[in-house]
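Reader: I'd like a close look at one part of this structure rather than a tour of everything. Could you pick a single helix and walk me through what surrounds it?

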Amino acid sequence: MSNPYVPYPVRIDRIAIENDARDLKTFEVAFLDAEHASAFRHTPGQFAELSILGTGECPIGIASSPTEGDSLLFTVKKTGVVTDELHRSREGRVIGVRGPLGNGFPIERMRGKHLVIVGGGFAFTTLRALIRYVLHEEHRADYGDVTVIYGARTPGELLYKAEVDEWRARDDIAAHITVDEGDEAWTGHEGFVPAVLEEVAPSGADAMMVLCGPPVMIKFTLPVVERLGFAPADTILSLEMRMKCGIGKCGRCNIGSKYVCLDGPVFTREELSKLPAEY
Amino acid sequence: MDARMLDKADLATVLERLAQTRRLIAPVEDRTGAAFASVDEVAAIRLDYRNTSLSAKEIVFPQTEPLLVFRDGAAEERIPAAPGAVLFGVRPCDARSLTMLDAVFRGGETEDPYYAARRDELTVVALTCNEPGPTCFCTSVGGSPDDGSGADVLATDLDDGLLLRAITDRGEVLLGELDAGRPAEDGEIEAARDLAARAAERMENVPVPTDAAALLATFDSDLWSDLAAGCIGCGACTYACPTCHCFDITDEQKRGTGHRVRSWDACTFPPFTLHGSGHNPRPTATARLRQRVLHKFSYCPENFGEAFCVGCGRCVVHCPSGIDIRRILARLDAVLTANSEAGGPTR
């Protein structure tokens, strides 16, 4: 049996600075051992523990879709001890990855449904994985209309800019990008995510809603989601929680009887309604 | 199953012999009264103790242990080698707690290899209780002074003799190895049962709420700030508790060489759930104490089918603020009973 605490060694092949504040970087990592690459089979919405020996570990959502090959993408905000050290890394550095962890988005249950994917800020990372998965030529026909609403505070804080521009040019996805506050160069939409969602008004019929963002965005978006007719069982959220083991042993990330690392991080609103509001 | 009667005068010799082939872990006298230790000197073992100050969980789940050792960027796992250990003379409450730790560390999709390596090699001899301690309440939470859960052999102190009853195959193997004493008589087994029954009668009967969902429904009740009043978040209850199993993982490094270490943690510590963003989903002592109680009495019953409390009473002894889990349970039970009679929600 393999030891769940031993990380797979991976090499950082590419580092992209994502935002003007330079505190969000995307790390593309490749497994040193091909066997590890084939053992690591993830679903959009899952996460991994990024591991730097001597510094520690932190749980980060996987920003790449399994359809993108064996490399993995992680978009990391510089926040604490481990993420600071990651941000100091250069390309070529070997770090560790433990995972994939968590349940991921219910891609099977989403089949045949229209998808409305709403994201705010840097919570957009696992939504990127989902969008890339759904847009893949082998999967696109399995899903109905795909509507994306993505907001950031400023244009400089938008993640994956080139890719998002590509989506806007495609006709098999409707991508609505908004910023709270534009600058001189910004010609796109200005406004908060809930307002844009209300304006775009995708129907909740035969549709599922995936919602990831800061608590304040979630709070003001949920009433709109309800008005549009998305049932609690079809409204999907992804939670964050402080974690250590990632395998349901260390007792740190529970909400009621559920562990975010095992039973989550993806929950439906219906599931969350049965849990204490302790997240 | 085999039951043997061992003359107490022979016990030292028998254990001496055992210690030559097995790692013998037993209660020995220390400044706290008694504590489990690897025994080289059999004479140090004392079986006249009420209970150890700290539980036996550290035998299978040490307070701190290296998970990985790393040097120059390469990590190596450190699975403990614990061949053939015998935990001799642990109280039945602590033996039972091992079944709960088993459920956490061995259950689910992923087994914890560190725990498994220690547990696989452990034979547990539980010493039944003739005299309960002042904070014991095992009978209120599904245990008893001669409960065999988690044990391989039940030992009972019958004044001049030690009755040893094998209750698992592993226990049978151990008794075979000891190869001592004589077959026990029915009357001696009967006497051991009587002693345990009398000990059970002397224990306080604590009303323990068993409806996991009803307990969860108290989540937003004001009652919790009352129950948690005085909690200073020291974590003593969690360290002393035989079923508390939360841990932290940290890295320690010196000049390119280091360890990834697992150590006990406590849900009553404020940083336990503190996010990198500064957000803390359990920002108050009340929320943290509520977590500890509901984890044991609502979430664990939901996930593992039983409350994670063996009634050892250590948390009562160690709390510097006098918080008493027995009073908390009794109060919750009273509130739930009143509510169910009134048919109303928990307030």
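Author: Here is a walk around helix 2 of chain B, starting with the chain as a whole. Keep in mind that this is a predicted model.

First, the setting. Chain B has 11 helices and 12 strands, and its C-alpha trace spans about 65 × 60 × 40 Å along the principal axes. A compact globule of 347 residues would have a radius of gyration near 20 Å, and chain B comes in at 22 Å, which agrees. Of those 347 residues, 42% count as buried. Among contacts in chain B with a separation of 6 or more, 72% are between residues 24 or more positions apart.

Now the helix itself. Helix 2 of chain B covers residues 92–105, and at 1.5 Å a residue its 14 residues should span 20 Å; the end C-alpha atoms are 20 Å apart, so the two agree. What's nice here is how covered it is: 11 of the 14 residues are buried. The buried set includes Leu98(B), Met100(B), Leu101(B), Val104(B) and Phe105(B), but also Asp94(B) and Arg96(B). As for what they lean on, the buried residues pack against strand 6 (85–90), helix 3 (113–120) and strand 7 of chain B.

That takes us to the core. The largest nonpolar core has 167 residues, and Met209(A), Val210(A) and Leu87(B) have the most contacts inside it. Helix 2 of chain B gives the most to this core, with 7 residues. In soluble globular proteins, nonpolar side chains do tend to be buried together. Leaving aside neighbours within four places in sequence, Leu87(B) touches Ile25(B), Ala56(B), Ile59(B), Leu122(B), Val124(B) and Val125(B).

Follow Val125(B) and you move on into the strands: this residue stands opposite Val153(B) in strand 8 of chain B. Strand 7 (residues 122–127) and strand 8 (residues 153–158) of chain B pair in the parallel sense over 3 bridges. Strand 8 of chain B then runs antiparallel to strand 9 (residues 161–166), with 6 bridges joining them, and Thr156(B) stands opposite Leu163(B). Those two strands, 8 and 9 of chain B, form a hairpin with 2 residues between them, and Asp159(B) in the turn has a positive phi of about 55 degrees.

One last step back, to the partner chain. The contact between the chains takes 30 residues from chain A and 36 residues from chain B. On the chain A side, that's 12 nonpolar, 11 polar and 7 charged residues.

Notes:
Residues are numbered from 1 along each chain as its sequence is written. Chains are lettered from A and ligands numbered from 1 in the order in which they are written. This is a predicted model: local features need pLDDT of at least 70, side-chain atom pairs count only at pLDDT 80 or more; totals for chains, interfaces and linings use all residues. Two residues are in contact if their C-beta atoms, placed from the backbone, lie within 7 Å. Ala, Val, Leu, Ile, Met, Phe, Trp, Tyr, Cys and Pro count as nonpolar, Asp, Glu, Lys and Arg as charged, and the others, Gly among them, as polar. Two strands pair if DSSP finds at least two bridges between them. Helices (H or I, at least four residues) and strands (E, at least two) are DSSP runs, numbered from the N terminus. The expected span of a helix is 1.5 Å times one less than its number of residues. A residue is buried if 20 or more other C-beta atoms lie within 10 Å of its own, exposed if 12 or fewer, and partly exposed in between; C-beta atoms are placed from the backbone. A nonpolar core is a set of buried Ala, Val, Leu, Ile, Met, Phe, Trp, Tyr and Cys residues joined through C-beta atoms within 7 Å. The radius of gyration is taken over C-alpha atoms; the globule rule is 2.2 Å times the number of residues to the power 0.38.
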